[in-house]
Every structure is written in structure tokens, then in C-alpha cells.
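Colleague: I am new to this one and would like to know how its descriptions are justified. Could we go through them together?

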Amino acid sequence: MPPKRQRDQAAPKPTSPTGKADPLATLGQDNRAQAGDHLTTAQGVRLPDTDHSLKAGRRGPTLMEDFHLREKITHFDHERIPERVVHARGAAAHGAFVANGAAAAVTKAGFLAEKGRRTPVFTRFSTVLGSRGSADTVRDVRGFAVKFYTAEGNFDLVGNNMPVFFIQDGIKFPDVIHAGKPHPDREIPQAQTAHDTFWDFVSLHTEATHHVLWAMSDRGIPRSYRTMEGFGVHTFRLVAADGGTSLVKFHWKPVAGVHSLVWEEAQLAAGADPDFHRRDMADAIEAGAPLEYDLGIQVMPDTPDHTFEGIDLLDATKIVPEELCPVQVIGRLTLDRNPTNYFAETEQVAFHTGNLVPGIEVTDDPLMQARLFSYLDTQLTRLGGPNFTQLPINCPHAAVNDNLRDGMHQMAIHQGQAPYLPNSVDGGAPKVATEAEGAYVHRPRPVEGEAVRANPASFDDHFSQATLFYRSLSEVERVHVVEAFTFELGKCYEQAIKERQLRVLAEVDADLCAAVAAGLGLPAPAGTPAEDVVPSPALSQIPPGPGPVTGRVVGVVAGPGADLGGIDKLEKAVEAAGAILRVIAPAGGVISKGRTTRVVERTLLTCRSIEFDAVVVAGGLGGFRDIKLSLLLQEAFRHCKPIAAWGDGVQVLEGAGVDLSAPGVLVGEKVLKPFTGELIAALGMHRVWERAQVVMAS
Ligand code: HDE
């Protein structure tokens with residue numbers, strides 16, 4: 001009997017909503033996983049040994065005729081494909097988007113408009129500058145790319161976690177990326193902008209200023225993908241069923257709230273757990289806590305000048321404040337399935353801003369226009385030819401019937417004689433569709449003008465929205481921006497670059513400039529920042545009141561003698577709120593008290609404060625002291641996380657030097673409702689920012 005492939009044994013293939021076999025559902029079911037009866041070559045020949053090469057005698061030499069050795073090594077030699085030139089490091093998840101029907105008036109795109117329609121999606125999050133093996137928590141922009149496998153074809157919303165971009169015209173993309181990537185001589189620093197070439201470029205290229213402010217804010221170091229906003233950045237044109245058009249901006253709003261790390265945590269995580277974000281996402285999904293986001297749109301009239309309230313909608317360095325044009329929620333994205341194979345799915349997925357479906361069009365934003373060229377072009381190299389759309393992760397669920405033929409890695413065995421149109425040989429098939437039959441028909445629009453290499457005058461305003469952003473932040477968020485600029489510029493060697501960037505900051509906000517200058521030990525230059533901006537409260541991440549705590553992690557310090565009953569009660573309360581509890585102890589194994597036992601999930605050696613959103617010390621530990629515990633508690637204190645203790649756990653806090661009178665340090669006799677309620681409310685605020693003053697003063 002020949003070896004049987006799992007593929008041959010397969011049960012009926014799952015189908016997509018379109019009725020077509022769902023290629024994603026069968027991903028990972030190929031027998032080239034570690035299954036099946038016998039190891040074979042790629043040609044299906046069974047192998048007797050895969051540990052020894054074929055040699056002339058036990059002491060060699062190795063024989064050329066060893067086809068297994070040659071095949072095994074050759075395949076291995078070619079296991080890597082070029083990493084993405086930007087957004088190389090990423091993590092992804094499967095899920096679905098369900099429309100709520102609110103978009104029906106503005107677009108005919110069924111997956112957005114039709115109430116209750118469920119569309120499968122694959123979403124890849126990424127950092128921009130780092131290589132594939134770099135750390136997750138570096139200060140950077142995050143990619144937020146969503147592939148919707150709609151019944152009308154694939155639509156990709158290839159966005160970021162910041163709503164603006166460094167450049168207004170795509171022709172500058174190689175410049176900004178060359179400046180941000182490691183220096184070409186020594187290839188350092190990795191995955192960061194804290195170096196001369198980046199600041200050289202952005203200080204000379206002031207249209208980057210608004211985006212630089214976002215990158216230096218807490219948005220540059222998200223807590224997790226689960227707590228990160230996403231933006232389509234460009235203005236899109238939606239086309240309604242009646243042909244009416246509107247200009248829109250897309251927003252992803254995380255259901256779990258918008259939260260960030262603090263800079264020290266981000267740095268610690270980069271060393272202690274470089275996979276911090278991807279682990280968080282995969283663990284949450286595996287634990288049955290999906291990532292959820294509302295998709296929202298800002299809808300603006302499609303006027304000939306493409307402006308709204310004086311804001312140029314074709315300028316990707318500008319936002320439309322939500323207070324001027326509210327975000328309307330049109331559906332929810334849920335990510336609830338981890339990929340089966342990183343390479344096949346996350347690495348090989350190919351997003352493209354030009355993957356559009358009827359009802360969604362692009363605008364003349366010159367940044368967007370360049371992207372329409374770039375994605376397909378880069379993928380031809382990265383994925384080795386023009387047939388990457390046949391890879392399961394890129395395959396549309398809609399029926400594909402193209403006349404594209406041959407090329408590297410062709411997987412299909414096309415039939416017929418006439419892959420051209422018009423033809424008579426194959427009966428004139430396939431036929432083009434009418435708009436009523438679902439064809440993508442570009443909305444006619446007047447296009448005229450002289451061929452010029454120039455921007456509209458409105459693109460010259462580089463600072464007003466940077467000022468708007470900075471002044472819309474809360475006090476503590478502004479301090480973080482000052483610290484980020486001071487850190488990044490402090491890493492530059494060239495004095496002239498620091499001075500030039502200070503002159504840019506002087507145009508944004510005099511206080512910001514003065515504070516950064518003081519940190520650098522340089523004089524603050526004078527500038528003329530916008531005086532009268534109306535702040536946009538939606539730009540601040542600090543919640544006005546406690547928000548959801550879904551997926552947050554509470555670490556409970558326990559050990560021999562710990563009040564296990566109290567831990568159980570705390571766990572029930574924490575889990576009822578949607579958060580997770582993890583037991584930390586000096587040593588692994590289990591802790592027992594009477595007949596109750598508790599598994600230790602982290603030891604003081606294996607954990608670091610970064611993985612907990614709050615730390616609680618259990619009662620019953622007496623005056624337990626440990627230098628690593630002091631570090632854990634002091635870091636949690638410095639990072640303004642809720643800290644709590646009950647019973648004699650309070651002595652442990654004192655022993656670790658925690659100021660019991662500081663905000664957000666909660667103590668109780670026992671684990672009772674007021675204790676757990678206060679802790680969960682503090683967790684819902686994400687941080688105890690009132691403590692920041694105490695931390696800075698100490
Ligand atoms: Fe990209 N970008 N980009 N970009 N981009 C790529 O495509 C490019 C821009 C974004 O998870 C590349 O397949 C140009 C803005 C994401 O696979 C490449 C310009 C925004 C991802 C490319 C931009 C993005 C990419 C690299 C200026 C936010 C990762 C590999 C005109 C709205 C997608 C690839 C994934 C990836 C080009 C600007 C987001 C080289 C030329 C603005 C999320 O084609």
C-alpha cells in the first residue's frame with residue numbers, strides 16, 4: 001500500500017459563506033504535518049533512516065547519490081523568504097466581521113452594509129521598522145491590516161494604530177524608511193527611531209511632525225493588540241446603492257479600551273519577553289477571550305475640494321477630530337482563532353490597498369496612490385512570482401475566474417484553450433459582468449490638471465494638528481511625550497540634529513520645547529506655536545471612568561501559608577469581571593493549606609512585573625521578604641499599577657518599601673466585596689495616574 005496522505009482521507013471540506021470550499025479551513029490539514037504512517041521524501045518514497053547520510057564506508061566520504069540528504073538540505077536552504085521591507089515582524093489571527101447595518105445608507109459593499117452579514121477575516125498586526133526577530137514592545141507605529149474574505153472578493157483595510165502618516169506623498173516613503181531603519185554601515189540600532197538618521201530626516205522634513213508626536217506619545221507603545229485603536233489613515237470614497245458617494249475615514253475601536261505600556265515596561269519587556277504582544281494575543285485567544293474591535297466610519301460629504309471644516313481630506317498628515325465628525329459604528333470584528341502555521345499564514349499573507357470591492361473606492365491622496373503600486377510590486381519578490389493569490393491564506397472565498405496564466409509556482413491546472421477575451425474557441429467565456437451583476441465599476445469622476453511635481457498649498461500646514469494633538473493630551477500623557485522626545489534625541493550623537501528638532505518643537509508648543517530642551521541641557525529656541533487650538537478629548541487615552549478589564553492579568557503573590565481561600569474568592573471576582581488571575585510564588589509546584597492546594601503559575605524568578613496589570617499580596621505570608629519580590633512590587637508601583645494586599649500581606653508590601661499611603665495601594669483585612677470591587681475598578685482605569693506625582697517626586 002502506498003503511504004496515504006491525510007489530504008486523501010479528508011472528510012468533506014468545510015465551505016465558506018459563499019458556498020465555495022474554504023481554503024483557510026483546510027490550512028494545516030495537509031499531511032506534511034507530523035502525522036501519517038511513514039516518513040517519505042517529497043516524491044512520496046518511504047525512508048528507512050533520516051539521521052545518517054549515505055557514505056562510502058562508516059568513515060565517509062558522503063555519496064552524491066544520497067537523494068534524501070540532498071533534498072533535505074536543499075529544501076532547508078530555501079526555507080526563508082525575504083522578510084517584508086517594512087512591517088517585517090507581525091502576528092496574526094483569524095476571525096470574523098459582522099456588520100450591524102448602519103453603513104447601508106452610504107455603501108453598497110454588502111459585507112459592510114448588510115445587517116448580520118458575517119465575513120471571515122485574517123488580521124495581521126506588526127511593528128514597522130524592526131526585523132522579523134525584533135522585539136514586540138519597541139516604540140514604533142503598529143500595522144493593523146485586515147483581509148476581509150467577502151462574497152464579492154477580498155477587501156484589505158491596511159491600516160496603522162495611528163491615524164496620520166509621516167509623509168504626504170508616497171514618493172517620500174523610501175526616504176522616511178531609510179532614515180528610520182538601522183544605519184547602513186553597522187546596522188544599528190534595531191527596531192527603533194532613537195538615532196541620528198531618523199531625527200535628521202524628520203527635523204528637516206517637518207510634514208512628519210504630527211506623526212512624530214503620535215509616535216512619541218503612549219500610542220507608540222501599546223499595552224497589547226487587544227487595547228489598540230486602528231485607522232485606515234487615508235480618506236476613502238464609499239459608494240451607496242443609489243450611486244451617491246461620501247468621503248470616509250475608517251476607525252477600529254477596541255472593545256477592551258485603548259491602553260499603553262509605560263516606557264520602562266516596554267524596555268523591560270523587549271528583554272524579558274520579546275514576544276510580549278504576540279504571546280498576549282495567542283494566549284488570550286487560546287483561553288477563549290477573543291480580541292474585539294468595533295469598526296467605525298467618519299462620514300463626510302464628497303465635495304469637489306475634498307475638504308471638511310477646512311481640513312484637507314487628501315492630506316494623510318491630518319485627522320478629522322471626532323468632535324467635528326463623530327465615528328459611527330458599523331460592525332464588530334472578533335479575532336478568535338490562532339493561525340495553525342506561522343509561515344503559511346502570517347508570513348505568506350499579502351495585503352494590498354488595491355484589493356477593493358464594489359462600494360469602496362480610493363481617493364486622490366498621493367500617499368494612497370503610491371501604495372496602490374507598492375504592495376503588489378513588493379509581493380512579487382517576497383512571495384516569488386505572480387501566483388501568490390493562490391496561496392490558501394490569500395485565496396478569495398468568492399469564485400475566481402481569471403485569465404491569468406502560468407508563472408512561477410502555478411498551482412492550478414487550467415483547462416480550456418482560450419485564456420483571452422474576446423474568444424470564440426471557449427465560447428466567449430468567461431464574460432465580463434455588468435454593475436448590476438456585481439462588477440467593480442469605478443465611479444466616473446472628472447480628472448484634469450497640469451502635470452506638476454507640487455503639493456496643494458493646504459499641505460504646507462505642518463504644525464497646527466501637532467499642536468492640537470499635544471494639547472489634547474492629559475498632563476501625564478504630555479509628560480510621557482516630553483520623556484520620549486528627551487530619550488530619543490538624547491540617543492543622537494549630532495548636536496545640530498537635536499537643535500534642529502528643538503526648533504521644530506518650538507513651532508508645536510513652547511512648553512513641550514522648553515521641557516525637552518531642559519532634559520537635553522540645551523537652550524529652548526523661540527517659535528510661534530498655534531495659540532488657539534480647540535482640544536479634541538477623543539485623542540487622550542485616559543478613560544474618564546473605569547472601563548472593561550477583559551483579558552487583564554492580576555498577579556497574586558502567594559507561598560507557604562498563604563490564605564488559599566482568599567485567593568479563590570479573589571479569583572472568582574476577577575474572572576467574573578473577565579480578567580485572569582495568576583499565582584506567583586517563590587518556588588514552582590503547588591501550595592497546600594489544609595485540604596486545599598493551588599498550582600503555582602509563575603515563580604519570582606520566571607516572572608517580571610510587565611505581565612501583570614495589578615499585583616496583590618495574599619494574606620498568610622507573615623513577613624516574607626525577597627529581593628525579587630521587592631523588584632516586582634516596586635516596578636508595579638513605579639508603573640502606576642494597582643497594588644493590593646490583605647491580612648498580613650500588608651507587611652510584605654511594607655517590607656518591599658511600598659508606600660501604603662500612595663494612591664492605588666489598597667489594603668484589606670480579608671478578601672471581601674469592597675476589596676475586590678475597589679481592585680477591579682482600579683484595574684478598569686488601567687493605571688493609577690494620580691500616583692505618577694508620587695513616583696516622580698521619589
Ligand atoms: Fe505600507 N507597505 N506603505 N503603509 N504597510 C507594506 O507591503 C508602503 C503605509 C502598512 O501585515 C509593504 O506586503 C508605501 C501607510 C501595513 O503584511 C510595502 C507607503 C500605512 C503593512 C508597503 C506605505 C501602511 C504595510 C511591505 C507610502 C497605514 C503590513 C510588505 C506610500 C495606513 C501589512 C508588504 C502586513 C506593508 C508600502 C505607507 C500600512 C512595501 C510605498 C500610510 C499595516 O508594499
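Modeller: Gladly! To begin with, a helix here is a DSSP run of H or I with at least four residues, and a strand is a run of E with at least two. Please keep in mind that this is a predicted model.

Colleague: Then what makes up residues 40–429, and how far apart are the end C-alpha atoms?

Modeller: By that assignment the span is 22% helix and 21% strand, and its end C-alpha atoms lie 42 Å apart. An unreviewed UniProt entry annotates residues 40–429 as "domain: Catalase core".

Colleague: Why is H6 called roughly parallel to H11?

Modeller: The axes of H6 (residues 209–216) and H11 (residues 464–472) cross at roughly 20 degrees and come within 7 Å. Angles under 35 degrees count as roughly parallel, so H6 is roughly parallel to H11. Their crossing is right-handed.

Colleague: Which residues of H6 and H11 meet?

Modeller: From H6 there are Thr-209, His-210, Leu-213 and Trp-214, and they meet Gln-465, Ala-466, Phe-469 and Tyr-470 of H11. This contact has five nonpolar residues, three polar ones and no charged ones.

Colleague: What about the axes of H4 and H5?

Modeller: The axes of H4 (residues 173–180) and H5 (residues 196–204) come within 6 Å and cross at roughly 145 degrees. Asp-175, Val-176, Ala-179 and Gly-180 of H4 make the contact with Thr-197, Phe-198, Asp-200 and Phe-201 of H5. Those residues divide into four nonpolar, two polar and two charged.

Colleague: What makes a residue part of the shell around the ligand?

Modeller: Its C-beta atom, placed from the backbone, must lie within 6 Å of the molecule. In this model 26 residues surround the ligand, and the closest are His-87, Gly-143, Gly-170, Val-233 and Ser-374. Strands S2, S3 and S4 and helix H10 each give two or more residues to the shell, and H10 gives the most, with seven. By type, the shell has 13 nonpolar, 10 polar and three charged residues.

Colleague: What is notable about the phi of Val-233?

Modeller: Val-233 has a positive phi of about 70 degrees although it is not a glycine. This residue lies in the loop between strands S5 and S6.

Colleague: Which peptide bonds are cis, with omega near -5 degrees?

Modeller: One runs from Gly-60 to Pro-61, and another from Ala-429 to Pro-430. Pro-61 is in the loop between H1 and H2, while Pro-430 is in the loop between H10 and H11.

How values were computed:
Residues are numbered from 1 along each chain as its sequence is written. This is a predicted model: local features need pLDDT of at least 70, side-chain atom pairs count only at pLDDT 80 or more; totals for chains, interfaces and linings use all residues. Ala, Val, Leu, Ile, Met, Phe, Trp, Tyr, Cys and Pro count as nonpolar, Asp, Glu, Lys and Arg as charged, and the others, Gly among them, as polar. UniProt positions are given in the numbering used here, feature names are shortened, and annotations may be inferred rather than shown by experiment. Axes are lines fitted to C-alpha atoms, for helices over the stretch in contact, and angles run from 0 to 180 degrees between N-to-C directions. Angles under 35 degrees count as roughly parallel, over 145 as roughly antiparallel, 65 to 115 as roughly perpendicular and the rest as oblique. A crossing is left-handed if the near helix is turned anticlockwise from the far one by less than a right angle, and right-handed if clockwise. Two residues are in contact if their C-beta atoms, placed from the backbone, lie within 7 Å.
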